[in-house]
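The following exercises concern the strand pairing and the internal cavities of a protein model. Each task is followed by a solution that proceeds step by step.

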Amino acid sequence: MTEPHVMIAGGGIGGLAMALTLHQIGVPCTVFEAAPEMRPLGVGINIQPNAVRELFDLGISARDLDTVGLPAREWALVGLNGNDIYAEPRGLEAGYNWPQYAVHRGAFHMLLFHTFIARAGAGAVRLGQRVTGYHQTGEGVTAEITHPDGSTGTATGSLLIGADGIHSAVRATMHPDQPPIHWGGAMMWRGTTRARPIRTGSSFVGLGTHRQRMVIYPISPVGPDGLATINWIAEVTYDDPSARNTSGWFRQVEIADFAHHFDGWTWDWLDVPALIRGAEVAYENPMIDRDPVPTWQDGRVVLMGDAAHAMYPTGSNGASQAIIDARTLGACLLEHGVTEAALAAFDAALCGPVSELILRNRGAGPFCLLTMVEDRCGGVFNEIDDVIPPEERAEFMARYKAAAGFAMETLNAAPRTIADGARVR
């Protein structure tokens with residue numbers, strides 16, 4: 001009998017977490033990545049405790065993560081007049097058994113890449129090979145591949161995992177009539193600035209209203225100069241969705257093109273205009289997602305990560321969910337073998353609840369508290385308890401954490417997704 005072999009389309013965070021999981025459970029795999037070289041692209045992301053738990057089980061340690069970011073200590077929402085709407089500790093300080101990490105997305109990606117190469121060998125990742133489609137036979141699945149010079153080829157395997165992002169060709173083959181990418185009118189500008197961290201020194205802060213806000217958090221420890229690398233995201237929602245016709249999509253822009261939206265956002269503890277203008281470069285991109293699809297599986301092919309569930313970044317759980325996908329699929333392979341049944345079990349476990357999370361994030365996710373404040377008092381208040389009682393705020397956040405899979409008591413009590421030493425037979 002031919003040894004099972006799994007193909008992974010896409011070498012991003014989800015694809016590499018999947019590859020590391022397959023290597024851990026003894027399933028040979030090959031990653032096909034469209035980029036001709038791996039580079040540390042992007043700015044800040046958060047990795048929630050449920051995903052950090054899985055990284056630790058993969059042998060990626062806190063010391064490793066400390067090289068690409070730092071543990072988050074607080075999550076807070078702040079109103080327009082600088083008063084707190086909601087604040088809570090995060091990670092170990094909240095009582096989780098695992099930390100939450102704020103990391104540089106590109107540096108974290110490279111950590112996963114180099115870890116996988118060290119374990120599986122350089123030949124396990126094929127750069128410059130874009131999976132553009134697939135077809136299945138009774139024996140397996142064939143991936144159709146395009147190279148940078150335009151030439152084409154194929155590769156065959158037991159299963160194909162589509163981890164090729166929001167523009168997934170695997171998903172387009174599986175769901176050829178899917179709606180186009182969804183954009184709800186919000187534009188984001190992203191950058192990093194060397195500055196003094198605020199509040200706890202490692203706080204995630206959402207500031208403003210649901211129509212116009214800043215998200216600010218450090219992604220490096222404080223240096224000898226007292227400064228850290230501060231990741232920031234400036235967001236504005238346009239009333240007229242046709243504004244996207246004149247807005248750049250994932251492009252570098254001049255800071256002066258958008259900084260004026262935040263003039264006057266200055267308090268004794270934070271100067272937003274100075275933070276924005278302190279960045280060397282800024283990037284503009286729309287807040288986009290995809291409508292949920294009824295299934296992530298087609299025979300021997302399955303979707304994961306953004307290919308399955310691209311979602312608004314309002315809950316800071318896109319990368320975390322991709323890691324959870326990989327580990328859940330790994331557990332299904334342990335139970336059912338390298339078979340269609342394993343993919344079906346994965347689809348049954350996650351497609352429905354994560355599709356609900358997509359729509360929840362489209363409704364502003366945890367930032368919906370900002371909407372509630374604006375609806376009730378116009379965004380300006382003296383005592384938040386007079387606007388939204390503390391019990392209501394706590395209940396709202398508890399529901400979101402449960403939906404996103406990182407409710408503390410549940411997570412702390414959960415058995416390991418993949419037992420130490422488990423191997424596919």
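**Exercise 1.** Determine in which sense strand 1 and strand 12 pair, and over how many bridges.

*Solution.* In this predicted model, strand 1 and strand 12 pair in the parallel sense, over 4 bridges. Within this pair, Met-7 stands opposite Leu-160 of strand 12. On its other partner, strand 2 (residues 29-33), strand 1 (residues 6-9) is likewise joined by 4 bridges, and these two strands run parallel. There the bridge partner of Met-7 is Thr-30. Helix 1 (residues 13-24) packs on the sheet and touches strand 1, strand 2 and strand 12 (159-162). The direction of helix 1 makes about 165 degrees with that of strand 1.

**Exercise 2.** Follow strand 12 to strand 22, then state the order of the strands in the open sheet of 6 strands.

*Solution.* Strand 12 is joined to strand 22 (residues 301-303) by 3 bridges, and the two run parallel. Ile-161 stands opposite Val-302 in strand 22. The full order is 8-2-1-12-22-21, and the pairing in the sheet is mixed. At the edges lie strand 8 (125-127) and strand 21 (297-298), each of which pairs on one side only.

**Exercise 3.** Sort Leu-159, Leu-160, Ile-161 and Gly-162 of strand 12 by the way they point, and decide whether they are buried or exposed.

*Solution.* In a regular strand, side chains alternate between the two faces of the sheet. Leu-159 and Ile-161 point one way from strand 12, whereas Leu-160 and Gly-162 point the other way. All of these residues are buried, that is, under 20% relative accessible area.

**Exercise 4.** Describe the open sheet formed by 3 strands.

*Solution.* The order is 3-7-4, with antiparallel pairing. Its edge strands are strand 3 (44-47) and strand 4 (69-71), each pairing on one side only. From one strand to the next, the twist averages 20 degrees. Strand 4 is joined to strand 7 (residues 101-104) by 3 bridges, and Gly-69 has Val-103 in strand 7 as its bridge partner.

**Exercise 5.** Characterise the lining of the second largest cavity.

*Solution.* The structure holds 4 cavities of 30 Å³ or more, and the second largest has a volume of about 40 Å³. Its lining comprises Asn-46, Ala-72, Ala-102, Ser-202, Ser-203, Phe-204, Tyr-217 and Pro-218. Strand 14 (203-208) and strand 15 (212-218) each supply at least two of the lining residues. By class, the lining divides into 5 nonpolar, 3 polar and no charged residues.

Note on methods
Residues numbered from 1 in each chain as written. Predicted model: local features only at pLDDT ≥ 70, side-chain atom pairs only at ≥ 80, totals over all residues. Heavy atoms only, no water. Pairing = 2+ DSSP bridges. Contact = heavy atoms within 4.5 Å. Axes fitted to C-alpha atoms, helices over the stretch in contact; angles between N-to-C directions. 1 Å grid on protein atoms, 1.4 Å probe; cavity = no way out; pocket = protein on both sides within 12 Å on 5 of 7 lines; lining within 4 Å. Points joined across faces, edges and corners; volume = space filled by probe spheres on them. Nonpolar A, V, L, I, M, F, W, Y, C, P; charged D, E, K, R; others polar. Buried < 20%, exposed > 50% of the residue type's maximum accessible area, 1.4 Å probe, protein only.
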